[in-house]
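Student: I have a new structure open and I'm not sure how to read it. Could you walk me through some features, one at a time?

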Amino acid sequence: MKKRRVPTTNVPIYRDSGFILGDLNTIKKAFKDEKDHFRSPENYIYSRYRNPTVVAAEEGIMAVEECKWALLTQSGMSAIDVALSIFQRGDETRPWLFFSEIYGGTNHYIDRVLIFRRGVDIKRFYPSGDQYDLKELEKMLDKLKPEFVYFEAVSNPMLVVADCEAIIKMAKEKGAAVIVDNTFATPYLWQPLKDGADIVIHSATKYLAGHGDITAGVVCGNDLQMEKDAVEYRKYTGHMLSPDDAHRLGAQLKTFNVRMERHCSNAFKLAQMLANHKKIEQVHYPGLKTHPTHEKAKKLFKGKGFGGMITFDLKAEGPEKKLEAAKTFIAAVADYIPLIPSLGNPETILLHVESVWGDKYRLPGMIRLSVGIEGYEHLEAVILKGLEQI
Ligand code: PLP
């Protein structure tokens, strides 16, 4: 009887660790193709190399990022590791230039893995005040001739939007490749590859998956040699995402744009409300005219929104009272807005800034909100009630 394909919009979860290769000719061809034609549809050998469920989810990412390839990994950190491997060629490698205002975990990875364990020549570019001075960047690029420049579009927790287009243009003119961690902005607001970046990485744990129930990462690009290098490194280091997580991520990606629209609109309304509230000293949100990088955000995100993250400082006399205010607020909203050290969840979650970034930001009254996609009225009512308790 002829096999009939079941019509479905979902790819099954292929949990096979290895795939049937049948006979000796097939296995020989498979291992040969695996090196040069790894994208051939029949080329499934072993799930650490390539898995049909993972490939289907990667196609979902390629659709939202509008790029030629995407490789899923088990976390955002492993996506960073895979992305950087593309540029590592032993002693020939030129220095790597990282902007300093990036995710803390990435900064620790740089210190403890790249520098301490692997001896990579790393240089950091620091901002002058709360913004980067591109004239200084130009001087560094001329002096160091780095292999690549690595930065994040939106900083954390102050939500400063970088001069992304200018940074990419300058780095490329000076012969450096560009890697962007676009976890906070997401492809909904900005697609760095279209502006000339070589590689984009995401912690897909956050907005791409968007439900707080997966740890995953992705590396995206257009250059096919870079893809080949990254595929090889992912295979040998075993940074592959599991088929179960890939399946869930693939389904969650179908609502990505709608979710982002709602994250952005809820955050925009909430930021306006907070900015006018008597118990709030300052609100950091790129959608507010008072934010130092509001104009940059407007230009880069082309009116689609300003993201789902808001950081605000509670008003009180002195550090002790500020800390007390933060504790009271966090306890008052805990049933609806839990303290969870992550972001991009469907429900609004929060983080106390000093508890996480205490060495850098001695700001006891500061709270970072990852605004969810729940009904806005309910969310506003919970926050107002929490502020009333202070
Ligand atoms: N990049 C950014 C901007 C992040 O915020 C995070 C995690 O919070 C990561 C990378 C690392 O991602 P993961 O936790 O999925 O490994």
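Student: Let's start with the whole thing. What percentage of the 390 residues of the chain count as buried?

Tutor: Keep in mind as we go that this is a predicted model. To call a residue buried, you check that its relative accessible area is under 20%. Here 54% of the 390 residues pass that test.

Student: How many helices and strands does the chain have?

Tutor: You'll find 14 helices and 11 strands. The radius of gyration is 22 Å, close to the 21 Å from the globule rule for 390 residues, so the chain is as compact as a globular protein of that length. Along the principal axes, the C-alpha atoms fill a box of roughly 75 × 60 × 35 Å.

Student: What share of the contacts comes from residues 24 or more positions apart?

Tutor: Take the contacts with a separation of 6 or more: 72% of them are between residues 24 or more positions apart.

Student: And what does the surface look like in numbers? How much of the accessible surface belongs to carbon and sulfur atoms?

Tutor: The accessible surface is about 18,700 Å², and carbon and sulfur atoms hold 53% of that. For the charges, you can compare mean positions: those of the 53 positive and 51 negative charges lie 3 Å apart.

Student: Now a single strand. Is strand E9 enclosed or open, and why?

Tutor: Go through its residues and ask whether each is buried. In E9, residues 309-314, six of the six are, so the strand is largely enclosed by the rest of the structure. Then look at the two faces separately. Met 309, Thr 311 and Asp 313 are buried on one side, and Ile 310, Phe 312 and Leu 314 are buried on the other.

Student: Which strand is joined to E9 by four bridges?

Tutor: That's E8, residues 280-284, running antiparallel to E9. There's a second partner too: E11, residues 366-370, pairs with E9 over five bridges, also in the antiparallel sense. Thr 311 is a handy marker here. His 284 stands opposite Thr 311, and in E11 the bridge partner of Thr 311 is Arg 368.

Student: How do I read a helix, then?

Tutor: Start with the geometry: an α-helix has 3.6 residues a turn, so residues three or four places apart point the same way. Now try H6, residues 164-173, where Cys 164, Ile 167, Ile 168, Met 170 and Ala 171 are buried. To see what covers them, look for contacts. The buried residues of H6 pack against E2, H5, E4, E5 and H11. After H6 comes Gly 175, with a positive phi near 85 degrees.

Student: How many of the 10 residues of helix H3 are buried?

Tutor: Nine of them, so H3, residues 76-85, is largely enclosed by the rest of the structure. Among the buried ones are Gly 76, Ile 80 and Leu 84.

Student: Can we zoom in on one residue? What is Val 180 in contact with, beyond its neighbours in sequence?

Tutor: Val 180 belongs to strand E5, residues 177-181, and at 0% relative accessibility it counts as buried. Leaving out neighbours within four places in sequence, its contacts include Phe 151, Ala 153, Trp 190 and Ile 201. Another one is Pro 192, which is 12 residues away in sequence and 7.1 Å away in space, C-alpha to C-alpha.

Student: What about a residue in a loop, such as Ser 100: buried or exposed?

Tutor: Buried, at 5% relative accessibility. Ser 100 sits in the loop between E2 and H4. Setting aside neighbours within four places, it is in contact with Asn 107, Phe 125, Tyr 126, Pro 127 and Tyr 132.

Student: Where should I look for unusual backbone angles?

Tutor: Check omega and phi. The peptide bond joining Asn 156 and Pro 157 is cis, with omega about 10 degrees, and Pro 157 lies in the loop between E4 and H6. For phi, try Lys 145, in the loop between H5 and E4: its phi is positive, about 45 degrees, although it is not a glycine. Lys 302 also has a positive phi, near 45 degrees. Lys 302 is in the loop between H11 and E9 and counts as exposed at 57% relative accessibility.

Definitions and conventions:
Residues numbered from 1 in each chain as written. Predicted model: local features only at pLDDT ≥ 70, side-chain atom pairs only at ≥ 80, totals over all residues. Heavy atoms only, no water. Buried < 20%, exposed > 50% of the residue type's maximum accessible area, 1.4 Å probe, protein only. Helix = DSSP H or I, 4+ residues; strand = E, 2+ residues; numbered from the N terminus. Pairing = 2+ DSSP bridges. Rg over C-alpha atoms; globule rule 2.2 N^0.38 Å. Contact = heavy atoms within 4.5 Å. Areas by Shrake-Rupley, 256 points an atom, 1.4 Å probe, with all protein chains shown as cover. Lys, Arg positive; Asp, Glu negative; His and termini not counted. Charge placed at Lys NZ, Arg CZ, Asp CG, Glu CD.
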